[in-house]
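Me: I'd like a close look at one part of this model. Could you pick a residue to start from and walk me outward from there?

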Amino acid sequence: VQLQASGGGLVQAGGSLRLSCVVSGSIFSIIGMGWYRQAPGKQRELVAAITNGGSTNFADSVKGRFTISGNNAVNTLYLQMNSLKPEDTAVYYCYRRWLGNSYWGQGTQVTVSS
């Protein structure tokens, strides 16, 4: 199973970005997938996730601004990020928990300027 994340970049505060995570090497499902992020000097934190029950969880800091979705036709998970803030600056990682294993993408840098 391979995950390829993309879509990061430099954006001004208040702007938007959409991250993508393409999954290959397995049957695609957004169940058990999500996004973490890690800012410099900080621990990796969960940003958004789709649980095994199909519900979504978001970090309090991104609720109302970020959405998570997927497109089965192109084996892709998305993270739509709106109203970005400088504190959203981090490397974003997609992941998938499947058949008892965890798989990670390589990370994509998001930088929000004030």
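**Arg96 and its surroundings**

Reply: Let's start with Arg96 and who sits around it. Leaving out residues up to four places away in sequence, Arg96 touches Leu3, Val23, Ser26, Ile27, Phe28, Ser29, Gly32, Met33, Asn101, Ser102 and Tyr103. Keep in mind that this is a predicted model.

Arg96 belongs to strand β9, which covers residues 90-98. The charge situation is the curious bit: Arg96 is buried but has no salt bridge. The nearest side chain of opposite charge is that of Glu45, and Glu45 is 23 Å away. What the Arg96 side chain does have is a polar contact with the side chain of Ser26, at 2.5 Å.

Now compare that with the salt bridges elsewhere. The whole structure has four of them. One joins the side chains of Asp88 and Arg37, with N to O at 2.9 Å. Arg37 lies in strand β4 (residues 33-38) and Asp88 in the loop between β8 and β9, so this pair ties together parts that are 51 residues apart in sequence. Both partners, Asp88 and Arg37, are buried.

Asp88 also forms a salt bridge with Arg65, where the closest N and O atoms are 2.8 Å apart. That pair links distant parts of the chain too: Arg65 is in the loop between β6 (56-58) and β7, Asp88 is in the loop between β8 and β9, and the two are 23 residues apart. Arg65 is buried, as is Asp88. Put Glu45 in the picture and you get a network of salt bridges linking Arg37, Glu45, Arg65 and Asp88. So the Glu45 that is 23 Å from Arg96 is a member of that network.

Another salt bridge runs between Lys63 and Asp60, with the closest N and O atoms 3.0 Å apart. Here Asp60 is exposed, at a relative accessible area of 65%.

On to the strands. Four of them make an open sheet in the order β1-β3-β8-β7, with antiparallel pairing. The edges are β1 (2-6) and β7 (66-71), each of which pairs on one side only. From one strand to the next, the twist averages 15°.

In the middle of that order, β3 (residues 17-24) and β8 (residues 76-81) pair in the antiparallel sense over six bridges. Val22 has Thr76 as its bridge partner in β8. On the other flank, β7 and β8 run antiparallel and are joined by six bridges, with Phe66 partnered by Met81 in β8. These two strands form a hairpin with four residues between them, and Asn75 in the turn has a positive phi of about 50°.

Thr76, in strand β8, is worth zooming in on. With 5% relative accessibility, Thr76 counts as buried. Its side chain reaches the backbone oxygen of Val74 at 2.7 Å. Beyond four places in sequence, Thr76 touches Ser20, Cys21, Val22, Phe28, Ser69, Gly70 and Asn71. Phe28 is among the contacts of Arg96 as well.

Last stop is Gln4, found in strand β1. Gln4 counts as partly exposed, at 48% relative accessibility. Not counting residues up to four places away in sequence, Gln4 touches Ser20, Cys21, Val22 and Gln106. Ser20, Cys21 and Val22 also appear among the contacts of Thr76. For a sense of scale, the C-alpha atoms of Gln4 and Ala59 are separated by 22 Å, with their positions 55 residues apart along the chain.

Definitions and conventions:
Residues are numbered from 1 along each chain as its sequence is written. This is a predicted model: local features need pLDDT of at least 70, side-chain atom pairs count only at pLDDT 80 or more; totals for chains, interfaces and linings use all residues. Side-chain values use heavy atoms; hydrogens and water are left out. Two strands pair if DSSP finds at least two bridges between them. Axes are lines fitted to C-alpha atoms, for helices over the stretch in contact, and angles run from 0 to 180 degrees between N-to-C directions. Buried means under 20% relative accessible area, exposed over 50%, partly exposed in between (1.4 Å probe, protein chains only). Contact means heavy atoms within 4.5 Å. A polar contact is a pair of N or O atoms within 3.5 Å; within protein, one must be able to donate a hydrogen and the other to accept it, and residues adjacent in sequence count only if both atoms are side-chain atoms. Lys and Arg count as positive and Asp and Glu as negative; His and the chain ends are not counted. A salt bridge is a side-chain nitrogen of Lys or Arg within 4 Å of a carboxyl oxygen of Asp or Glu.
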